[in-house]
Amino acid sequence: MDASCCRKKKKKRRKKRRVRKKINAFAMGPVSVDKIIALQRNTTNIRNLCILAHVDHGKTTLADSLVASNGIISSRLAGKLRYLDSREDEQIRGITMKSSAISLHFSKGDEEYLLNIIDSPGHVDFSSEVSTAVRLCDGAIVVVDAVEGVCPQTQAVLRQAWLENIRPVLVINKMDRLIVELKLSCQEAYTHLKKILGQVNAVTGTLFTSKVLEERAEKVEKKEEKKEGKNLSGDQVYDWSSGLEEVDDSHLYFSPDQGNVVFASAIDGWGFSIQQFAYIYSERMGIKAEVLLKTLWGDFYLDAKAKRIMKGAEAKGKKPLFVQLVLNNIWNLYEAVVTRRDQDRVEKVVSSLEIKVAPRDLRHSDPKVLLSAICSQWLPVSQAVLLMVCDKLPSPLDMTAERVERLMSVGAHRFDSLPDQTQKLKMALIQCSSVDNAPVIIFVSKMFAVETKALPQYRQRPLSQDEIAQRRELARQRHADRMVADKTVAGNHKEDTHIDSIKLEGQSPGLSTANMESLTLKDSKPLQDEETFIAFARVYSGIVKKGQRIFVLGPKYDPAQGLSLLPEGCSATDCVSDVPHLSCCSMESLYLLMGRELEELEEVPAGNVLGIGGLEECVLKSATLSISPACPPLNPLNFEAIPIVRVAIEPKHPSEMPKLVHGMRLLNQADPCAQVLIQETGEHVLVTAGEVHLQRCLDDLRERFAKIEMSVSKPIIPFRETVVRPPKVDMVNEELGKQQKVAVIHQVKEESSQGRLSDSIQVDPSGLVTLTTPNRLATVGIRAIPLPQDVNRILESSSDVIRTLEHINISLREGKTVDISLRTLEAIAGLKAQLEKLLQGRKWRNAVERIWAFGPRRNGPNILLNSLNAYKRPSVWQCLSQDDKTYQNGTQPAAPREFDNSIVNGFQLATLSGPMCEEPLMGVCFSVERWDIQSSAASEQDSIKEDSISHETLVNRRLEESSEDMATGNRPKPVSRTEAVSADCYGPVSGQLIAAMKEACRHAFQAQPQRLMAAMYTCEIMATAEVLGRAYGVLGRREGRVLHEEMKEGTDMFIIKAVLPVAESFGFADEIRKRTSGLASPQLVFSHWEVISSDPYWVPTTEEEYLHFGEKADSVNQALKYMNAVRRRKGLYVEEKIVEHAEKQRTLGKNK
Ligand SMILES: Nc1nc2c(ncn2[C@@H]2O[C@H](COP(=O)(O)OP(=O)(O)OP(=O)(O)O)[C@@H](O)[C@H]2O)c(=O)[nH]1
Ligand SMILES: [Mg+2]
């Protein structure tokens, strides 16, 4: 009896265990790869989306809930695991540092969807990772913290989404904080949420307005062009309307009644959109769901007596429907579960919601467990978000023609100037077709490194039944062989060594050697410490197959050139070595990206995000891949962050240098934004976006890529050198008379040039420097003039436009015709107009037309001005007057004078490194007021022409190489002087002229009051009132300047906006976090360059100054400190007193 009872119990227990196992398997088992492969073919139901937000607003937590909905992680761990933060430092720091993708499955009714979701980092240092994510998507979930609202990075990501033309939906996250932390009532919360929506929509509104205005300007221009073309003469009619009135923009905004907003608490696992409540209440109250959909959000209330929904809740002091029907429920639940912990009420709520909660959860001491148990059944956040995503975000098939054109038109070229074959590819991109003959087009947005042993082909996996059987067979065979060997070579001590050969001879039928080896090799190959690069990519058209060969198009590839050089019908399997910026590669493996895991695929159809292996030799950071050479390289990514923090790195042991170089090359490839350079000084330099980014790069270098001990220099802070107008007051703020002013300048001048001025240089009191070449054949007269600040700012922000302008000018000079896109022409004309507006006054008369060049690197913020009356050279703006009739009517443009290039090159060299501490110049205009070349030089020019050319190209090359990437360029090679064949013992005239011009510019610079410019960060700090004072303290100590401070409405948070010199920013974030016990955390973004007002060369000159500062003037001079630090780092001479306070040495008495 007892025994049978026992058996029954055991049986029951076993059954229970089996059931539990089954349930767990259902909950934990991820969707099979086969299913996802099947879904990849149904393009209509694919959604490629990324999650974007300010740092810490809960992207990864939300992603956890979505991942858990597919059973990849347990729902209990969702929010705690942060599954997509797979790096150790991400987990430790609690911030995401890279974008990573995962493919999920979702069923909505009968429809099945494939969601390729990319989680992105919110920290400003990693904003380049956001760019790489946004490019591959068609839509985005923008997450906003319900308490913090719109923050700087929220605006930045909305702008990025806008620029890439992808559609956003909104998730207002951390709703629980409104209840638990801020303790708002439902009504207050509703007002607060309305305000946040308003803020987000304001950002979208601004982006939209600027776009409409831009488009309108384009249209007007086109119309005018047409009119001119038809030679219509008549009165010009101006249209003053902005065009904004006519455009419907309602679909752009976020509004809960549009279904593009979800309210959520990712950490507690709930989220809802208006739709869900509309359906719940339409059933319960008998009101049509459509009516509720329109009224649940907004100024509507429920008139209980009339049983009708009325407008005007606010005016009548009634509760809006959203408060009454939606928020109330949630507030009640929180009150019962979290605030009061009222068991009875909880049970009532649970039964009214008709859900089941495990008794274990009901009894749990942490109320959050019970809360998530209830919420995840009642309003699962994944359901709400994924429904919205499937409904509101476009599929890859919905790609607009506008987006495609923008992707395809690169640089200054017009889309319609591209070859016909290329223009045809536009249709392929729009159709996103996966038929067999569709051209394959892929964009790689970044390369990421994974440990080779983590790749699926090397992963330890459970053996299948067949493999186990095969192995058994193998073992049996080996055993049998050994037995045979034992018998035949009995007593022979070599028996072991024979086994292999015997094995080869004694094959059993059906089991080939290759098979056996592959079985044994695959699992035992030592792959420790190896990294493999995988391309993070998307297929825009065609089907990609494993092993397929493909063209890799560099960003400078020109399809017109490619098509003319390649034979007709040429494919990537043929060898193409002679086409610039084009190479071939085979895609060795294709992967499905599943967060931390990769799954191998055989082929991937259009519209999907994927990983590609085998491209590391051909792709550095990003690239376009296509099987057609007619494909243009797709537009490069636009990065918001400018890398600014640089450190020099060297190995602890000099012999490990090659390892470091190798490691840095890998790092350069693995990070979209980090730059690796070899400076002119030979230092290996790493440039990163900020401190956190720097730390991550160094960790990667140390632990993954170089694996050596390194010493890292202190961050190298960049400075700029400039000149300013002579001061009007002295350091004690006394007005300076004219006499004194001249005295001050003279003194500086004398000091700086003491003993160095030779007789070939003359400086006149007005600052004009005249310099003659050593062979006395050429003389230049240069004056340095400070550019107005606004001009400086415009030049700095327009470096891209200036670069394009320079390219166009080079082409024109070479006699090529250039087809320039309207947008580029407009940008150039805009820049010219802005400069004309700002450079007004007698001094700048006609200055914009007279601009000779920009520098350094031909696109920098300094200007070379032609002030020679006798020399009319072609204008840098000549592309704007290309269609000019007078020009076409035969009046030839002026030709540049001989040696024109030497003057420009001398200017480029001078602006590349200034005399203060060899940093680049900024905001300086060098006006050429004299340039004489004696006739003997001109007559010589024929004989030395060749030489001068080689010299000029050498200088050009040197200018370019100084900034070149280590990965792409080599170190500048020393050029032997034997090239110089001139009879002139001073070398060729052009070379001398370059040197003379450079020196003249330097002296002209020194003849003016010089200043350093510091890079500045803007920093936004959010802090509570208690820690505000401490935050100010830290800012003050680090030379920060507070711009404004405001209180965030509805919270006790203050937002301080300040600027801070980059030089003072290291450790700032940590210090402020420590001082405020983690309550304030700043975001530092590079903003601009600012002149440091103190003069580094200042010494007291006036009587008042002697009185005030003493003879030594040893109060801290910030500019001098910075300048000397840079000089010391570069090994330049530093003028410093070694003994500052010379006092007689004495021994202090013990008792004093
Ligand atoms: N109260 C509350 N906290 C949340 C919620 N969602 C996330 N958090 C917390 O917010 C912090 C940041 O969450 P993450 O998901 O790492 O934020 P993120 O946006 O991915 O951050 P980055 O990737 O670094 O930009 C974590 O401590 C989360 O626990 C929420 O709904 N409510
Ligand atoms: Mg994150």
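Q: By class, how many nonpolar, polar and charged residues does the shell around ligand 1 have?
A: Keep in mind that this is a predicted model. There are 19 residues surrounding ligand 1, and Lys59 and Asp176 are among the closest. Sort the shell by class and you get 4 nonpolar, 9 polar and 6 charged residues.

Q: Which helix gives the most to the shell around ligand 1?
A: Two helices, helix 3 and helix 7 (175–180), each bring at least two residues to this shell. With 3 residues, the one that gives the most is helix 3.

Q: How much of the area that ligand 1 exposes when taken alone does the protein bury?
A: Start with some contacts: a polar side-chain atom of Lys59 sits 2.8 Å from an oxygen atom of ligand 1, and one of Thr60 sits 2.6 Å from an oxygen atom of the ligand. Ile267 joins in with a backbone N or O atom, 3.3 Å from an oxygen atom of ligand 1. On its own ligand 1 exposes 650 Å², and the share of that buried by the protein is 84%.

Q: Which residues are the protein donors of the magnesium ion (ligand 2)?
A: A donor here has to be an N, O or S atom within 2.8 Å of the metal. Two OG1 atoms, lying 1.9 Å from the ion, belong to the protein donors Thr60 and Thr96.

Q: How far apart in sequence are the parts that Thr60 and Thr96 tie together?
A: Both of these residues are buried. Thr60 is in helix 3 (residues 59–69), while Thr96 is in the loop between helix 4 (88–93) and strand 2 (100–108). So the pair links parts whose separation in sequence is 36 residues.

Notes
Residues are numbered from 1 along each chain as its sequence is written. Chains are lettered from A and ligands numbered from 1 in the order in which they are written. This is a predicted model: local features need pLDDT of at least 70, side-chain atom pairs count only at pLDDT 80 or more; totals for chains, interfaces and linings use all residues. Side-chain values use heavy atoms; hydrogens and water are left out. Donors are N, O and S atoms within 2.8 Å of the metal (3.2 Å for Na, K and Ca); water is not among the atoms, so sites may look incomplete. Helices (H or I, at least four residues) and strands (E, at least two) are DSSP runs, numbered from the N terminus. Buried means under 20% relative accessible area, exposed over 50%, partly exposed in between (1.4 Å probe, protein chains only). A residue is near a molecule or strand if one of its heavy atoms lies within 4 Å of it. A polar contact is a pair of N or O atoms within 3.5 Å; within protein, one must be able to donate a hydrogen and the other to accept it, and residues adjacent in sequence count only if both atoms are side-chain atoms. Accessible areas come from the Shrake-Rupley method with a 1.4 Å probe; for residues, only the protein chains shown count as cover. Ala, Val, Leu, Ile, Met, Phe, Trp, Tyr, Cys and Pro count as nonpolar, Asp, Glu, Lys and Arg as charged, and the others, Gly among them, as polar.
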